[in-house]
Structures are given as structure tokens and as C-alpha cells.
Amino acid sequence: MNKRFAYIDALRGLAVILMVQQHLLTWLWQKKWLSYAMTFPEHPVMVCLNFAGNFAAPVFLLLSGMGSALFLAREGNRGQSLVKRGLFVLGCGYILNLLTPHWFVPWSWYVLHTMGLCLMIAPVLNRMKTVYLLILAVFVVISAALLQTMLGTPLLLNNSHMNNAGMTGGLLRLVFAEGHFPVFPWAAFFMAGIVSKRWIEKKTIVNLFMAAAGCITAGITLMALYRHGYAFATYGTFFRIFAWLPYFYPALPALTFMLLGIALFLLIFFYVLRDLLRGKIAGALTLTGRSSLTWFMVHIVLFNEALRMIGLHRTFSAGTTLMITGTFIFIMMYLSSLWGRIEFKYGFEWLMRRLIR
């Protein structure tokens with residue numbers, strides 16, 4: 001059996017919890033709101049929990065990049081198998097599209113799609129030198145803003161726009177710039193994961209720390225220039241590079257760099273505390289991380305699609321929403337602990353291992 005790293009699985013488990021609670025709060029809570037600032041004074045807990053969910057996708061993509069590097073480093077594993085795994089994850093993304101017609105359309109481009117594509121090109125990315133990967137990652141983040149400017153992307157995207165392949169550029173426009181999680185800038189997190197694996201393997205955690213701090217500093221600097229009102233940062237061809245918005249539809253460089261920096265700090269935190277990840281709670285977190293793809297699929301179908309079908313979408317109070325969310329997370333972790341005893345048989349991870357060796 002391939003060696004697993006508990007700190008990676010535990011961090012992935014945390015990402016699952018962050019994702020689930022954000023989605024459930026959105027799909028259960030009866031209050032409709034767009035602004036963090038306007039809603040925070042009345043519902044600070046709900047707003048903070050919702051914002052915390054923004055770190056789920058960055059962590060998933062970061063760990064996916066790490067996972068690709070670890071997979072290729074194991075004796076007997078080949079790039080061809082990794083490409084097939086990427087196709088499997090991409091296929092899961094399209095299956096999810098079909099299962100959730102109230103959220104996605106068949107050609108929607110979500111985080112699973114970008115993750116799958118990144119895994120497919122991972123054999124090439126893993127052969128690149130670290131310095132070139134870092135340069136490419138920064139380029140991908142900055143290019144996202146330039147692509148959005150070129151396309152005239154609105155500063156706030158809704159589902160209709162992110163699912164619309166009828167615009168100029170068609171499906172490629174969604175894949176690379178205006179989908180839910182387009183390749184630009186989200187592939188940068190995958191590349192950062194590959195580099196993180198190399199630095200951790202070489203015990204150069206200081207490099208990881210400096211990269212995390214550098215990303216957050218870059219994000220804060222871009223935001224400060226924008227808020228100061230400099231002409232080059234507030235309008236014109238390059239203003240999106242500096243623009244600050246507390247959401248990532250679409251993702252702008254200032255927030256993207258901050259999210260990447262925080263994801264790296266979370267990785268450092270879990271790595272440093274790797275020997276403490278024992279006991280039932282930590283074990284349940286680790287096992288939840290090992291079944292992340294399955295829970296990803298299940299919770300979306302169950303709480304977004306099924307609730308709509310029975311008329312319970314966004315019908316609960318804040319207190320009831322928190323109670324349902326907490327209960328589901330507890331059940332999810334408990335079932336993961338039991339399921340892990342039989343290696344998550346019949347789950348998506350089990351199926352991928354069975355189909356791709």
C-alpha cells in the first residue's frame with residue numbers, strides 16, 4: 001500500500017469541513033445577501049463562517065498539486081496513470097454537472113474540472129524546475145486579471161454568466177477565464193502544491209514560510225495601492241491586478257495571492273503538528289480527507305439539488321441552519337471513521353483506485 005501522509009489527509013479533511021459548512025449555510029439559510037459588510041453587523045457568526053469557506057478550494061488545489069508530485073515519486077507510478085486519474089476527476093466534474101441542474105449546466109467548469117485538467121498536465125509540470133514553476137504560477141495569477149479585462153468580465157459574476165457558453169469564446173472562455181473556477185488563476189495553487197512538496201521533502205520549510213508571507217504581502221500591497229486611489233490601480237488596462245473584492249467570482253490577483261498565502265500557512269501548520277495528529281478527532285479528520293471526493297459529490301447533490309426538489313432550499317433560520325450543518329459534519333466524520341475500516345469501498349476514491357492502477 002502506498003504510504004500516506006496524515007497531515008495532508010487531515011488538512012484535506014479541514015478543507016472538506018470548510019467547504020461543506022459554507023455550502024450548507026448558503027443553501028439552508030433563508031436570508032439572501034450579497035454584501036459581507038452589510039450583513040456582518042447583524043449576523044457576524046454566519047458571515048465569518050461563510051468567508052472561512054473561501055479557503056476550501058485553495059487548499060484542495062494546493063494538496064492536489066502535492067499529491068501529483070508524491071504520486072509520481074513513488075516507485076512504479078507513471079505519468080500515464082496520473083493523466084487517467086485527471087480524466088477520472090474531470091469526469092466526476094461533468095457527472096456533478098448533470099446531477100445538479102439547478103446549479104450547473106452540462107458544460108459548467110467547476111473546481112473538479114480545473115483539478116482534473118491540472119492532474120492531466122501534472123507529468124509536464126512536475127518536470128519543470130522550481131523557479132520556472134514559481135514564475136509560471138505568478139504569471140497565471142496576473143494573467144487572470146488581464147484576460148478578464150480583455151473580455152470585459154463583470155466584477156461580480158453570477159451563475160448565469162459562469163454557465164453561459166454562448167458568449168464569444170464559448171466553452172474555452174469558461175474554462176480559462178469566466179467559469180466557476182477557471183484555469184486562470186486557479187491552476188497556480190496546483191503548481192504551488194508541487195513546489196511545496198519539493199521544499200518539504202528537502203526540509204526547507206523556511207522557503208515555504210517565505211512564499212506564504214510573500215503571497216500575503218503581495219495581496220495586501222496590491223489592495224493598498226487600489227484603496228489609495230492611484231490612477232494606474234483604479235482604472236485602465238491593469239486596474240484588475242490591484243482591485244480588491246472579498247469574493248472570487250471572478251478571482252482577482254489581490255485576493256488570490258492572499259488565499260494562496262493562507263493555504264500555504266495552513267499547510268505549514270499541519271506539517272509542523274504532524275506528529276500530534278492522533279486520537280479519534282484527528283483520525284476522523286484524516287479519514288474525512290481521504291474520502292473528500294465522495295463527500296464533495298454527495299453533499300452537493302443532497303443539500304443543493306434534493307432540498308430544492310422538496311422545497312426546503314433556503315427556508316431555515318440561522319440557528320436551525322447551524323444545527324443542521326453541525327449535525328451533518330459530525331455524521332460525515334463519524335461515517336468516514338467507520339468507512340475507513342474497509343478502505344472506503346464503493347466510494348469515488350475506491351472506484352478510481354480500482355479503475356486506475
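**Notes on a predicted helical model**

1. Tyr346 sits in the loop that runs between helix 17 and helix 18. The model is a predicted one, and this loop is a convenient place to start reading it. The phi of Tyr346 is positive, about 75 degrees, although the residue is not a glycine. Most residues other than glycine have a negative phi. Tyr346 has a relative accessible area of 63%, and because exposed means over 50%, Tyr346 is exposed.

2. The loop between helix 17 (318-339) and helix 18 (348-355) also holds Glu343. Glu343 is not a glycine either, and its phi is positive, near 55 degrees. Is Glu343 buried, exposed or partly exposed? Its relative accessibility is 27%, so Glu343 counts as partly exposed.

3. As to the overall fold, the protein has 18 helices and zero strands. The C-alpha trace spans about 60 × 50 × 40 Å along the principal axes. For 357 residues, a compact globule would have a radius of gyration near 21 Å; the protein has 20 Å, so the two agree. Of the 357 residues, 53% count as buried. Among contacts with a separation of 6 or more, 75% are between residues 24 or more positions apart.

4. Helix 7 can be checked by its length. It has 22 residues (130-151), and at 1.5 Å a residue it should span 32 Å. The C-alpha atoms at its ends are 31 Å apart, which agrees with that expectation. Helix 7 nevertheless has a kink of about 25 degrees, centred on Ser143. Just after the helix comes Gly152, with a positive phi of about 70 degrees.

5. Which residues of helix 7 are buried? They are Leu133, Ala137, Val140, Val141, Ser143, Ala144, Ala145 and Gln148. Ser143, the centre of the kink, is thus in the buried set. An α-helix has 3.6 residues a turn, so residues three or four places apart point the same way. The cover over the buried residues of helix 7 includes helix 6 (111-125), helix 10 (183-201), helix 13 (239-242) and helix 14 (253-272).

6. Two peptide bonds deserve a look, since most peptide bonds are trans. The bond from Phe184 to Pro185 is cis, with omega near 15 degrees. Pro185 is placed in helix 10. Another cis bond joins Tyr249 to Pro250, with omega about 5 degrees. Pro250 belongs to the loop between helix 13 and helix 14.

7. Phe189 is also in helix 10. Its relative accessible area is 0%, so Phe189 is buried. What does Phe189 touch, leaving aside residues up to four places away in sequence? Its contacts are Pro58, Leu61, Leu62, Thr256, Leu259 and Leu260. Leu34, by contrast, is 155 residues from Phe189 in sequence and 26 Å from it in space, C-alpha to C-alpha.

8. The structure holds 29 aromatic pairs. One of them is Phe5 with Tyr7, an edge-to-face pair with 6.2 Å between centres and 70 degrees between planes. Phe5 has 28% relative accessibility and so counts as partly exposed. Tyr7, at a relative accessible area of 6%, is buried because that value is under 20%.

9. Phe189 returns as a member of one aromatic cluster, together with Trp27, Phe60, Trp103, Phe104, Tyr110, Phe181, Trp186, Phe248, Tyr249 and Phe296. Tyr249 in this cluster is the residue joined to Pro250 by a cis bond. Elsewhere, a ring is paired with a charge: the charged end of Arg274 sits over the ring of Tyr271, 4.0 Å from the ring centre.

10. Thr315 gives an example of sequence distance set against spatial distance. It lies in the loop between helix 16 (292-309) and helix 17. How far apart are the C-alpha atoms of Thr315 and Trp27? They are separated by 8.7 Å, with their positions 288 residues apart along the chain. Trp27 is also a member of the aromatic cluster. Thr315 touches Leu28 and Gln30, not counting residues up to four places away in sequence. At 35% relative accessibility, Thr315 counts as partly exposed.

Terms used. Residues are numbered from 1 along each chain as its sequence is written. This is a predicted model: local features need pLDDT of at least 70, side-chain atom pairs count only at pLDDT 80 or more; totals for chains, interfaces and linings use all residues. Side-chain values use heavy atoms; hydrogens and water are left out. Helices (H or I, at least four residues) and strands (E, at least two) are DSSP runs, numbered from the N terminus. The expected span of a helix is 1.5 Å times one less than its number of residues. The bend at a residue is the angle between axes fitted to the seven residues ending there and the seven starting there. Buried means under 20% relative accessible area, exposed over 50%, partly exposed in between (1.4 Å probe, protein chains only). Contact means heavy atoms within 4.5 Å. Rings of Phe, Tyr and Trp (its six-membered ring) pair if their centres lie within 6.5 Å; planes under 30 degrees apart count as stacked, over 60 as edge-to-face and the rest as tilted. A charge sits over a ring if NZ of Lys or CZ of Arg is within 6 Å of the ring centre and within 35 degrees of the ring normal. The radius of gyration is taken over C-alpha atoms; the globule rule is 2.2 Å times the number of residues to the power 0.38.
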